Amino acid sequence: MATTNTQDPGRRGEPISELVRSLIGDITLLARREAELARIELKDKASKAGLAAGLLGAGIAVAWFAVATLIATAVLALAIVLPAWAAALIVGLVLVAVATALVLVGRARLRAVGPLAPTQTIDTVQEDIRWMQLKTEQLKTSE
């Protein structure tokens, strides 16, 4: 089995400053290549994520039309036993009731969240400011 010499025979005897300069150049090149690889990888992932988001949006749109079709089906099914206007009125009232319930529950949950401001962070920052003011006053009085 042949052994490989890991040292570059052409680099022996070079001054340390030249070796350090070469090392810095290699590190810089490595950093640039890694940054380029990261950019390419992020671009690829962003492209795939964009495609996935487009498919998700298309799926939501098709689901929206499916729900509308099912609502129309419910109206037509009721129209077999009732006048068409009565069937549409019944389905419409059911949809209004469902929408009202969803809005009321959503509003109640939103109110339960409370203010969107980060109150704990605001409190701790105000406490930090008071502490810094106290320390500043103590420094002034100790002078």
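These exercises work through salt bridges in a predicted model.

**Exercise 1.** Find how many salt bridges the model holds, counting a Lys or Arg side-chain nitrogen within 4 Å of an Asp or Glu carboxyl oxygen.

*Solution.* Apply the cut-off to the side chains. The count comes to 4 salt bridges. Three of them follow, one per exercise.

**Exercise 2.** Examine the pair E36 and R39: what is the closest N and O distance, and how exposed is each residue?

*Solution.*
1. The closest N and O atoms of E36 and R39 are 2.7 Å apart. That is within 4 Å, so the pair is a salt bridge.
2. Place the pair. Both residues sit in helix α1 (residues 16-78), 3 residues apart, so about one helical turn separates E36 from R39.
3. Check exposure. E36 has a relative accessible area of 36%, so E36 is partly exposed. R39 is at 44% and also counts as partly exposed.

**Exercise 3.** Test K45 against E41: which N and O distance links them, and where do they lie?

*Solution.*
1. The closest N and O atoms of K45 and E41 are 3.7 Å apart, and the pair forms a salt bridge.
2. K45 and E41 are 4 residues apart in helix α1, so about one helical turn lies between them.
3. E41 is partly exposed, at 43% relative accessible area.

**Exercise 4.** Classify K48 and D44 as buried, partly exposed or exposed, and give their N to O distance.

*Solution.*
1. The K48 and D44 side chains meet in a salt bridge at 3.4 Å, N to O.
2. Both lie in helix α1, 4 residues apart, about one turn of the helix.
3. Exposed means over 50% relative accessible area. K48 is at 54%, so K48 counts as exposed. D44, at 38%, counts as partly exposed.

Methods
Residues are numbered from 1 along each chain as its sequence is written. This is a predicted model: local features need pLDDT of at least 70, side-chain atom pairs count only at pLDDT 80 or more; totals for chains, interfaces and linings use all residues. Side-chain values use heavy atoms; hydrogens and water are left out. Helices (H or I, at least four residues) and strands (E, at least two) are DSSP runs, numbered from the N terminus. Buried means under 20% relative accessible area, exposed over 50%, partly exposed in between (1.4 Å probe, protein chains only).
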